[in-house]
Amino acid sequence: MRKEPRLQAALELRCRLGFLGHKLQAFIFLMNFVMLYKFLFLFVYKSQLFPLDFQGFLVMVGKPVLHYFNGRGRMESIRWLLAAAGVEFEEKFFETREEFEKLIQGGTLMYERVPMVEMDGMNLVESRAILRYTAAKYGLYGRNLKEQAWIDMYVEGLRDLSDMIMYFPLSLPEEKEMNLEYILQRAITRFFPVYEKALRDPGKDFLVGSQLSWADIQLLEVILMAEECKPSVLSGFPLLQEFKVRISHIPTIYKFLQPGSQRKPPMDEESIKKVKKIFKFENGMFLKNMSTIEAEY
């Protein structure tokens, strides 16, 4: 009879120790999991060994939201950059002048201008600021200051050419032929030779460094815009032809180039009328814009 209480107490102690042991094992497992997660997060984020879209998934909190009209304009390069990085984004379009003014009155537009992108808790405006932030965030802005300087030089030159093509539909009817000739002449004699030369070194797959950058993405965008003006515009630039094929087959970019993506088509007459009403553009914007660019040379 005396042994039974002792046996019962021993059994109870054993059960308690077993229960505590299981809790301790569970705690150790949880801590190991947390440490492993932190290690993997830092490794993937800091390294370039994984695709950009996977890195973007890890650091992105919510999808970026793009506010613009349903067309190319200044927002198209931002769409290209996000798509190339493998980042999903949402778009909110304004279709009328009244809807645009309502957005302005909401107080989220610094300088009362678009494009505007909601990202990382900010309302980002000014297209170059948005592009630079996006490129840096997703590893498309070079590995050091020297590479960033080269990227900046290349994209600023590309902006001049893309602006010409963007404003071309706003040419006066009697000036369209002259303006198109001007665009193509500048593309062939001033801009494309720079990028052909940059790709001349053996094994040079990208404009800057050894990995895809903002400059490569914008160059492909502008090449395709120029080919919409004249399909044979690259006939004298064999390296740019190879570059176009090579960059177009990067999986995230290839996906963006497919029908049904968020890439926007060239403006037709109907969309031109709508844009003129929204932004109060006037005829002859091409020459006015070009005079500003010419003054910088």
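These are my notebook entries on what I looked up in this predicted model.

**Entry 1: the strands β1 and β2**

I began with strand β1, residues 65-68. I checked which side each residue faces and whether it is covered. Val65 and His67 sit on one side, Leu66 and Tyr68 on the other, and all of them are buried, so both faces of β1 are covered.

Next I looked for the partner of β1. Strand β2, residues 90-93, pairs with β1 in the parallel sense, over four bridges. For a landmark in this pairing I noted His67, which stands opposite Lys92 in β2.

**Entry 2: the hairpin and its neighbours**

I moved on to β3 (116-119) and β4 (122-125). These two strands pair in the antiparallel sense, again with the count of bridges at four. I wrote down one pair by name: Met119 has Met122 in β4 as its bridge partner. Together β3 and β4 make a hairpin that has two residues between the strands.

I then went through the backbone angles here. A reminder to myself: most residues other than glycine have a negative phi, and most peptide bonds are trans. Three places in this stretch of chain go the other way.

- Val114 and Pro115 are joined by a cis peptide bond, with omega about 10°. Pro115 belongs to the loop that runs between α4 (97-105) and β3.
- Asp120, in the turn of the hairpin, has a positive phi of about 55°. I also asked how covered Asp120 is: its relative accessibility is 34%, so I put it down as partly exposed.
- Glu126 has a phi near 70°, also positive and also in a residue other than glycine. Its place is the loop between β4 and α5 (127-137). With 30% relative accessibility, Glu126 counts as partly exposed.

**Entry 3: helix α6 and a visitor from a loop**

How far apart are the end C-alpha atoms of α6, residues 145-167? I found 32 Å. The helix has 23 residues, and at 1.5 Å a residue they should span 33 Å, so the two values agree.

At the start of α6 I looked for a side-chain contact to the backbone. Asn144 supplies one: a side-chain oxygen of this residue comes within 3.1 Å of the backbone nitrogen of Lys146.

I also followed Ile151 to a partner further along the chain. The C-alpha atoms of Ile151 and Leu207 are 8.1 Å apart, although 56 residues separate them in sequence. Leu207 lies in the loop between α7 (176-198) and α8. Is Leu207 buried or exposed? Its relative accessible area is 3%, and since buried means under 20%, Leu207 is buried.

**Entry 4: helix α8**

I gave α8 (214-229) the same length check. Its 16 residues should span 22 Å at 1.5 Å a residue, and its end C-alpha atoms are 23 Å apart, which agrees. I then looked at how covered this helix is, and 14 of its 16 residues are buried, so α8 is mostly covered.

**Entry 5: the largest pocket**

I looked up the open space next. The largest pocket has a volume of about 900 Å³. It is lined by 35 residues, and those closest to its centre are Tyr68, Gly73, Arg74, Met166 and Tyr167. Tyr68 was already in my notes as a buried residue of β1.

Which elements give two or more residues to this lining? They are α3, α5, α6, α8 and α11 (269-279). Helix α6 gives the most, with six residues. By class I have 19 nonpolar, five polar and eleven charged residues in the lining.

**Entry 6: the closed cavity**

Last, I checked for enclosed space. There is one cavity of 30 Å³ or more, and about 40 Å³ of space lies in it. The lining is made of Arg72, Glu76, Trp80, Glu221, Leu224, Met225 and Arg263. Helices α3 (76-84) and α8 each give two or more residues to this lining, and α8 gives the most, with three.

Sorting the lining by class, I get three nonpolar and four charged residues, with no polar ones. I noted that α8 comes up in both searches: it is among the elements that line the largest pocket, and it also contributes to the lining of the cavity.

Terms used: Residues are numbered from 1 along each chain as its sequence is written. This is a predicted model: local features need pLDDT of at least 70, side-chain atom pairs count only at pLDDT 80 or more; totals for chains, interfaces and linings use all residues. Side-chain values use heavy atoms; hydrogens and water are left out. On a 1 Å grid over the protein atoms alone, a cavity is a set of points where a 1.4 Å probe fits but cannot get out, and a pocket is an open set with protein on both sides within 12 Å along at least five of seven lines; lining residues have an atom within 4 Å of a point. Grid points are joined across faces, edges and corners, and a volume is the space filled by probe spheres set on the points. Ala, Val, Leu, Ile, Met, Phe, Trp, Tyr, Cys and Pro count as nonpolar, Asp, Glu, Lys and Arg as charged, and the others, Gly among them, as polar. Buried means under 20% relative accessible area, exposed over 50%, partly exposed in between (1.4 Å probe, protein chains only). The expected span of a helix is 1.5 Å times one less than its number of residues. A polar contact is a pair of N or O atoms within 3.5 Å; within protein, one must be able to donate a hydrogen and the other to accept it, and residues adjacent in sequence count only if both atoms are side-chain atoms. Two strands pair if DSSP finds at least two bridges between them.
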